[in-house]
Amino acid sequence: MGDGHGWSEPLSTHDYDAIVIGAGLGGLAAGGLLAHRGMSTAIFEQAPRVGGCCGSLRHGDYQFDVGATVVLFLDVIERFFRSTGREMARYVQFLPIEPLFEVVDQERRRFQIPTSPLETGELFASFSEEDGEGWRRFAEAAESGMAAAMTQIFTRRFQTLSDAREIARTSPSMTSDRSSLLHSFEKTLRSYFRSESILGALSLASYSVGLPPALAPGYAAFLSYAEHQGSYYPKGGMKALPEGMATAFAEDGGEIHLGARVSGILTEERRVVGVRLGDGREIRSRVVVGDINAKAIYGQLLPRSEVPLWARLALRSLRLSQSSCMLKLGIEGDEGFGAHHTLYSGGLEALNRIWFDDYERGRPSRGGYLLASIPSRTDPSLAPPGHHVVHLHTLAPYQLADGASWDDIQRREADRMLDFLEADFGVRLRERIRFAHLSTPLELEREVGLHRGALYGLESGLLSTSMFRPRMRSPIFDGLYLAGSSVHLGGGIPVCIGSGMIAADLVCEDASLAQSGSSGP
Ligand SMILES: Cc1cc2nc3c(=O)[nH]c(=O)nc-3n(C[C@H](O)[C@H](O)[C@H](O)COP(=O)(O)OP(=O)(O)OC[C@H]3O[C@@H](n4cnc5c(N)ncnc54)[C@H](O)[C@@H]3O)c2cc1C
């Protein structure tokens, strides 16, 4: 790093100490901590609302989720509010989701997975003795292994080999189960369970790291156990979480500018000095925290001539995470939806097939697997009495193989999704639909600023997570920090909040080193 990082200059030469690009959860967490620690901080957000992928949108009488539909690992969110001297419950309340989800399997059998691990064991034993015993071993491995330490690393630095060594030293359970580090998600899951219905139900977790069961890392299999610690929905809709964080930020003097797209990051001799907005205004700051995809930061916002060739090549080699589409429906009547989430699952193999045969070939999914989220089951205020909001979610490539645009096939694909639901799982909704809109990868890019619609920023395999992702303290530009799903451990609400907390710590660490005159590590 160079000297000073902008902290030695008087504030009068800057508009703010810190500028944050994007009011996603990572940006709000970083901004929240910086403002709480006394830095003048402004967040510039291109959309008319905060939250990014964790938000809500109203269509008539129905309130839909923008992206995320469930919150796990509440303790990370509590940790964030506590770090700003606040009690979470004053800013956002969470409603427990019970059962965790309902499964409709390839034989159109319905069963519900409860939160209680004990009751889940009983359910699995009703499939076969081996599956019941498999759940017991799975729960034991999860509780004594990586799952136990998972939430701790969400807010810890994991950027270098020495960070990895420190984590292994202080959280030995992270590395105690070597087989799940070496084997695929599919192999790990198959070593515990036999029933195709159970394998299909538990395979959904592979997409939390953005890969199909055949390619996702084995440790991700234990993410489905983490849900049994509790799964929640914010009262009032997903937007309640970012809005609560934005309120805390404003109370500490932070400013949020909505509808303010950042079109460039200003630099002087490899140091960032502020941002340029879409309307041409230039705003100066000592540091900039980017809560958007690292590929967009280095590839679109920074002057190309100042990003060294090695960095451009390294960024090009990083694969984006998967994209998806979501059919949003306002539905009359309760029938057919017994839980907040219903998984229509053609089994584990169906998930691999959708990936290799459809997604990787640039084709919209041809059925076999759909996730329905019906948050009005948990929070009835989201729809009129007797109605529900339903989100039908499946993989969808950003780039279509035949050169078609999502704008042209949007209606046809919405219809096809309803056809799969009927043909594969016997669920007929058409007569009860009062509102329908297909949100496509292209729309997510336009409206949520999600680079090429990539749900979790970058792919998150064993060799593309933590220290293999772009650095959160830029090694190229002094004063530039990254948060959000393309850095740290990837996508997901608690992970992105954790990334923002780490980014804020890095900023404060550099500021105090600069002010004390030390050259730092
Ligand atoms: C469809 C979908 C379903 C998901 N489901 C879940 C779930 O159930 N549970 C879960 O934990 N996670 C889920 N996730 C993941 C989770 O929502 C995200 O990982 C997390 O919210 C991303 O936070 P972030 O900090 O990376 O910011 P983002 O949410 O990516 O927000 C970035 C913000 O930056 C703004 N922005 C972009 N470019 C600019 C610019 N140039 N200038 C100014 N502002 C800009 C955007 O408008 C946006 O508001 C889901 C994601 C998606 C898309």
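**Reading a predicted fold, feature by feature**

User: Let's start with helix α17: what covers its buried residues?

Analyst: The cover includes strand β13, helix α16 (406-425) and strand β17 (433-439). Keep in mind throughout that this is a predicted model.

User: Which residues of α17 are buried?

Analyst: The helix runs over residues 441-448, and Pro441, Leu442, Leu444 and Val448 are buried. Just after α17 comes Gly449, with a positive phi near 65 degrees.

User: β13 and β17 came up as cover. What is the strand order in the open sheet of seven strands?

Analyst: The general idea first: in a regular strand, side chains alternate between the two faces of the sheet. Here the order is β7-β6-β14-β15-β16-β13-β17, and the pairing is mixed. The edges are β7 (110-113) and β17, each of which pairs on one side only. From one strand to the next, the twist averages 20 degrees.

User: Which helix packs on that sheet?

Analyst: That's α15 (residues 348-358), which touches β14 (341-345), β15 (369-373) and β16 (387-395). The directions of α15 and β15 make about 105 degrees.

User: How do β6 and β7 run, parallel or antiparallel?

Analyst: Antiparallel, with four bridges joining them. To find the register, look at Val104, whose bridge partner in β7 is Arg110.

User: What about helix against helix? How do I read α3 and α4?

Analyst: Two packed helices are described by the angle between their axes and the distance between the axes. For α3 (residues 117-125) and α4 (residues 129-144), the angle is about 155 degrees and the axes are 6 Å apart. Angles over 145 degrees count as roughly antiparallel, so α3 is roughly antiparallel to α4.

User: Which residues meet there?

Analyst: From α3 you have Pro117, Thr120, Gly121, Phe124 and Ala125; from α4, Glu129, Asp131, Gly132, Gly134, Trp135, Arg136 and Ala139. By class, that contact has five nonpolar, four polar and three charged residues.

User: Now backbone oddities. Where is the cis peptide bond that involves Pro99?

Analyst: Check omega: the bond from Glu98 to Pro99 is cis, with omega near -5 degrees. Pro99 is in the loop between β5 (94-96) and β6 (101-104).

User: And where do I find positive phi in residues other than glycine?

Analyst: Try the hairpin of β10 (residues 262-268) and β11 (residues 271-277), two antiparallel strands joined by six bridges. Ile265 stands opposite Val275 in β11. Two residues lie between the strands, and Glu269 takes a positive phi near 45 degrees. Arg270, in the loop between β10 and β11, has a positive phi of about 60 degrees although it isn't a glycine. Another case is Arg452, with phi near 50 degrees, in the loop between α17 and β18 (480-482).

User: Why do Arg270 and Arg452 count as partly exposed?

Analyst: Count C-beta neighbours inside 10 Å: Arg270 has 15, so it counts as partly exposed. Arg452 has 17 and therefore counts as partly exposed too.

User: Last one: which residues come nearest to the ligand?

Analyst: Of the 35 residues around the ligand, Gly22, Gly24, Gly52, Gly449 and Gly484 come nearest. The elements giving two or more residues to that shell are α1 (25-36), β2 (41-45), β13 (324-332) and α18 (493-515). α1 supplies the largest share, three residues. By class, you get 18 nonpolar, 14 polar and three charged residues. You've met Gly449 already: it follows α17.

How values were computed: Residues are numbered from 1 along each chain as its sequence is written. This is a predicted model: local features need pLDDT of at least 70, side-chain atom pairs count only at pLDDT 80 or more; totals for chains, interfaces and linings use all residues. A residue is near a molecule or strand if its C-beta atom, placed from the backbone, lies within 6 Å of it. Ala, Val, Leu, Ile, Met, Phe, Trp, Tyr, Cys and Pro count as nonpolar, Asp, Glu, Lys and Arg as charged, and the others, Gly among them, as polar. Axes are lines fitted to C-alpha atoms, for helices over the stretch in contact, and angles run from 0 to 180 degrees between N-to-C directions. Angles under 35 degrees count as roughly parallel, over 145 as roughly antiparallel, 65 to 115 as roughly perpendicular and the rest as oblique. Two residues are in contact if their C-beta atoms, placed from the backbone, lie within 7 Å. Two strands pair if DSSP finds at least two bridges between them. A residue is buried if 20 or more other C-beta atoms lie within 10 Å of its own, exposed if 12 or fewer, and partly exposed in between; C-beta atoms are placed from the backbone.
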